[in-house]
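The following exercises ask the reader to work from a structural model to statements about individual residues and elements. Please attempt each task before reading its solution.

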Amino acid sequence: AAAGQERSGPAALALLGPAPGAPCCPHGPALLFVKTSQGKEEGRRFYACSACRDRKDCNFFQWEDEKVSEARLAAREEYNRSQQPFFTHRQNVDRYKNFVLLPLSKRRFCQECQQLLLPAEWKKHSDHQFLCDITTAQLKSPSQLLYPLENKKTNAQYLFADRSCQFLLNLLIDLGFRRVLSVGTPRLHEMIQSKASQEEEFNVKSLLLDIDFRYSQFYTEDEFCHYNMFNHHFFGGETACETCRKFLCEENGERVIMVTDPPFGGLVEALASSFKKLMAMWRETEKEGHDNREMPVFWIFPYFFESRILDFFPSFSMMDYQVDYDNHALYKHGKTGRRQSPVRIFTNLTPSMIVLPEEEGYRFCTVCQRYVSSGNQHCEICNSCTSKDGRRWKHCVLCKKCVKPSWFHCNNCKCCTLEKHSCEKSDSGCFVCGKAGHKRSACPSLSRS
């Protein structure tokens, strides 16, 4: 994959980021990468798709210094056009208006095409599987009507469980936020939209930015923007970008927060770049007083990315709340040990403001001034509640830090690690088991597991 995992090693890919005049694929402007090797000069730079890390999903590739012929450029533009949705957002909005006027018996949804159907289109989809009698409640909950796109690296639509979604919304309301920029959080967006349509006193608004264009069938241009969070690309152009800017600047930019739940296989550097641009968009809309402030953010991501996120956002801190998902086999609430969800909330808000539910096993640490998991015991030596995964961690005097309870100090490695490990890992060997002669993709350990 062109946009491989960010890690140091014998050979790694470095993301150089968005570049002016970058070529485009169906997912918008490509990102610039370079392959680096230890002790060697940088390799040749190249462009690759911003959203897809697997070239089977998008095979766009171009060397930075490559001369592309006019014929090839024209063919690429034609291909990019052919990959765009059949209907525009405006057409989908008009189709929705006609769809809701239909009697229940004539409301059909094509499961194969993932499309609301008008009666004139039934014949064209006659050999497809239908859902019939689509209710208003189903239309208000499109994330449950649509099939989740579960490509872990591109879409990864693991949808918040009701417990986590309701907790997030209650927390946002308690903190006084009235506008939510929902970046890749369709279920939170639809919960806000649904409550707003049902409860007169509910005064929270949401704008959904998502790469999944299927949501344009259910939301107007003021409620949804087709957006790629890996390259900050609005597919609707300046009009969609202005919709986002206008949403951020309402009430002089006050009481707005960005909540984002990116694919966990995505490049943190690319995501951070886009989020900084959205935060800058908020800052630019302010008339006064916000020059040195950051737009409030909830970035929902696994705890093992903490150091990477803090590299880009030093003002962020990680909360202990475990976010769980309906359609993920492992990320479920109530599991123990390694089975519990590793997904956390990273935020630039003051930690003491984030109140976590005591009935779910969270308590307030008066020393750290934040809510922590009940198993996260305060370490007097580190002077912090150090656990990341909900278990009680132990302090290693030699490492001068707390480590996982299953780790032991290895005198050969001079650090704490798993008891059964290989001390003599070769840089040129397998990234999984450390043995020479094969790479990670062909590791016997993986095939056995």
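Five exercises with worked solutions follow.

The model is predicted, so local features need pLDDT of at least 70 and side-chain atom pairs count only at pLDDT 80 or more, while totals for chains, interfaces and linings use all residues. Residues are numbered from 1 along each chain as its sequence is written, and side-chain values use heavy atoms, with hydrogens and water left out.

**Exercise 1. The protein as a whole**

Task: State how many helices and strands the protein has, and what percentage of its residues is buried.

Solution. Step one is to count the secondary structure: the protein has 10 helices and 25 strands. Helices (H or I, at least four residues) and strands (E, at least two) are DSSP runs, numbered from the N terminus. Step two is burial: of the 449 residues, 48% are buried. Buried means under 20% relative accessible area, exposed means over 50%, and partly exposed lies in between, with a 1.4 Å probe and protein chains only. Step three is to consider contacts (heavy atoms within 4.5 Å). Among the contacts with a separation of 6 or more, 56% join residues 24 or more positions apart.

**Exercise 2. Helix 6 and its crossing with helix 5**

Task: Describe the span of helix 6, its buried residues, and the way in which helix 5 passes helix 6.

Solution. Begin with the span. Helix 6 covers residues 186–198, and its 13 residues reach 18 Å from the first C-alpha to the last, close to the 18 Å expected at 1.5 Å a residue. The expected span is 1.5 Å times one less than the number of residues.

Next, identify the buried residues of helix 6: Pro186, Arg187, Leu188, His189, Glu190, Met191, Ile192, Gln193 and Ser194. The elements that they pack against include helix 5 (162–174), strand 10 (179–183) and strand 11 (205–210).

Then treat the helix pair. Two packed helices are described by the angle between their axes and the distance between the axes. For helix 5 and helix 6, the axes come within 10 Å and cross at roughly 60°. Axes are lines fitted to C-alpha atoms, for helices over the stretch in contact, and angles run from 0 to 180 degrees between N-to-C directions. The crossing is right-handed; a crossing is right-handed if the near helix is turned clockwise from the far one by less than a right angle, and left-handed if anticlockwise.

Finally, list the residues that meet. Helix 5 contributes Cys165, Gln166, Leu169 and Leu172, and helix 6 contributes Arg187, Leu188, Met191, Ile192 and Lys195. By class, this contact has six nonpolar, one polar and two charged residues. Ala, Val, Leu, Ile, Met, Phe, Trp, Tyr, Cys and Pro count as nonpolar, Asp, Glu, Lys and Arg as charged, and the others, Gly among them, as polar.

**Exercise 3. Cysteines**

Task: State how many disulfides the whole structure has, and how far cysteine 396 is from the nearest cysteine sulfur.

Solution. A disulfide is a covalent bond between the sulfur atoms of two cysteines. The criterion here is a pair of cysteine sulfur atoms within 2.5 Å. A search of the whole structure finds zero disulfides. Cysteine 396 is in no disulfide, and its nearest cysteine sulfur, that of cysteine 416, is 3.5 Å away. As to burial, cysteine 396 is buried at 10% relative accessibility, and cysteine 416 is likewise buried, with a relative accessible area of 10%.

**Exercise 4. Residues brought together in space**

Task: For valine 297 and arginine 76, give the element, the burial and the residues touched.

Solution. Valine 297 lies in strand 15 (residues 297–302) and is buried, with a relative accessible area of 1%. Not counting residues up to four places away in sequence, valine 297 touches Ile257, Met258, Met279, Phe316, Phe346, Thr347 and Asn348. Valine 297 and threonine 347 are 50 residues apart in sequence, yet 5.4 Å apart in space, C-alpha to C-alpha.

Arginine 76 is in helix 1 (residues 70–82) and counts as buried at 13% relative accessibility. With the same exclusion of residues up to four places away in sequence, arginine 76 touches Pro23, Cys24, Phe60, Gln62 and Val68. Its C-alpha is separated by 9.6 Å from that of proline 23, 53 residues apart along the chain.

**Exercise 5. Positive phi**

Task: Is aspartate 133 buried or partly exposed, and is histidine 232 buried or exposed?

Solution. Aspartate 133, in the loop between strand 9 (130–132) and helix 3 (136–139), has a positive phi of about 55° although it is not a glycine. Aspartate 133 is partly exposed, at 39% relative accessible area. Histidine 232, in the loop between strand 12 (224–228) and strand 13 (233–234), has a positive phi near 55°. Histidine 232 is buried at 18% relative accessibility.
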